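Thanks for coming. I will go through one structure today, strand by strand, and then look at a few side chains.

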Amino acid sequence: MRARLVPADGGPPIDLTKDLSVVGRGADCDVRVEHKSVSKYHCVVVKTDGLLLLRDLGSTNGTRVNGQRVRRAALLPNDSVGFANLKYRVLFGADLDAALAAEAAAGSSAAPVRRNALPDVYEEQHTPTD
């Protein structure tokens, strides 16, 4: 099952590619959300039979579904999910297929997927020598 989080602020959507995705600021999170209000390990989203399950991992600023703070919740298509101060709309199933078809019909290319990609090579820092 394909699932996507669409930011309310119009940023690039986040595709949930794994059956179990950890959301947070941590370097090893499946979905990295770079914002100071998001905990290092904020919540986990699990894909199951036709729905998504969400569980907060004891985050400082909380996780909200449709405006209500939750510890765990079942997510339905078009639900609003908030990780601390960031809000997303949940798309999966027929709703996601319709959104993808609308994007294709509009002629827009698919938005880039944000992943936990770490660079293989880091630029060397050169310090001047006297």
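**The β10–β11 hairpin**

I will start with a turn. In the hairpin formed by β10 and β11, 2 residues lie between the strands, and Ala-84 there has a positive phi near 55 degrees. Please keep in mind that this is a predicted model. The two strands of the hairpin, β10 and β11, are antiparallel and share 4 bridges. As an example of the register, Val-81 has Tyr-88 in β11 as its bridge partner.

On its other side, β10 pairs with strand β7, residues 63–65, again in the antiparallel sense, over 3 bridges. There, Thr-63 is placed opposite Phe-83 of β10.

Now the chain as a whole. The chain contains 1 helix and 11 strands. Read from the N terminus, the order of elements is β-β-β-β-β-β-β-β-β-β-β-α, with the helix at the end. Of the 130 residues in the chain, 35% are buried. If we take contacts between residues at least 6 apart in sequence, 39% of them connect residues at least 24 apart.

Next, the sheets. The hairpin belongs to an open sheet of 6 strands, ordered β2-β1-β11-β10-β7-β8, with antiparallel pairing. Which strands stand at the edges of this sheet? They are β2, residues 14–16, and β8, residues 68–70; each has a single partner strand, so one side of each has no neighbour in the sheet. From one strand to the next, the twist averages 30 degrees. Towards the β2 end, strand β1, residues 3–7, pairs with β2 over 3 bridges, antiparallel. One of the bridge pairs there puts Ala-3 with Leu-16 in β2.

There is also an open sheet of 5 strands, with the order β4-β3-β5-β6-β9 and mixed pairing. Its edges are β4, at 31–32, and β9, at 72–75; each of them has a single partner strand, so one side of each is left without a neighbour in the sheet. Inside this sheet, strand β3, residues 20–24, runs antiparallel to strand β5, residues 43–48, and 4 bridges join them. Ser-21, for instance, has Val-45 in β5 as its bridge partner.

On to the packing. The largest nonpolar core has 23 residues, and the ones that touch the most other members are Leu-52, Leu-54 and Phe-83. At least two residues of this core come from each of β1, β2, β5, β6 (51–56), β9, β10 (80–83) and β11 (86–92). The biggest contribution is that of β11, with 4 residues.

What does Leu-54 touch, not counting residues up to four places away in sequence? The list is Cys-43, Val-44, Val-45, Thr-63, Val-70, Arg-71, Arg-72, Ala-73, Leu-75, Val-81 and Phe-83.

Phe-83 also turns up when we look at ring pairs. A pair of aromatic rings is described by the distance of the centres and the angle of the planes. The count here is 1 aromatic pair. That pair is Phe-83 with Tyr-88, at 5.4 Å centre to centre and 45 degrees between the planes, so it is classed as tilted, given that stacked means under 30 degrees and edge-to-face over 60. Both Phe-83 and Tyr-88 are buried.

Ala-74 is a contrasting case, and is located in strand β9. Is Ala-74 buried or exposed? Neither: Ala-74 is partly exposed, with a relative accessible area of 45%. Not counting residues up to four places away in sequence, Ala-74 is in contact with Leu-51, Leu-52, Leu-53 and Asp-79. The C-alpha atoms of Ala-74 and Arg-55 are 8.9 Å apart in space, while the two residues are 19 residues apart in sequence.

Last, the cysteines. How many disulfides does a search of the whole structure find? The number is 0. Why is Cys-29 without a bond to Cys-43? Because the sulfur of Cys-43, the closest cysteine sulfur to that of Cys-29, is 9.2 Å away, too far for a bond; the cut-off is 2.5 Å. Cys-29 is buried, with a relative accessible area of 1%. Cys-43 is buried as well, at 0%.

That is what I have; questions are welcome.

Key
Residues are numbered from 1 along each chain as its sequence is written. This is a predicted model: local features need pLDDT of at least 70, side-chain atom pairs count only at pLDDT 80 or more; totals for chains, interfaces and linings use all residues. Side-chain values use heavy atoms; hydrogens and water are left out. Rings of Phe, Tyr and Trp (its six-membered ring) pair if their centres lie within 6.5 Å; planes under 30 degrees apart count as stacked, over 60 as edge-to-face and the rest as tilted. Buried means under 20% relative accessible area, exposed over 50%, partly exposed in between (1.4 Å probe, protein chains only). Two strands pair if DSSP finds at least two bridges between them. Axes are lines fitted to C-alpha atoms, for helices over the stretch in contact, and angles run from 0 to 180 degrees between N-to-C directions. A nonpolar core is a set of buried Ala, Val, Leu, Ile, Met, Phe, Trp, Tyr and Cys residues joined through side-chain atoms within 4.5 Å. Contact means heavy atoms within 4.5 Å.
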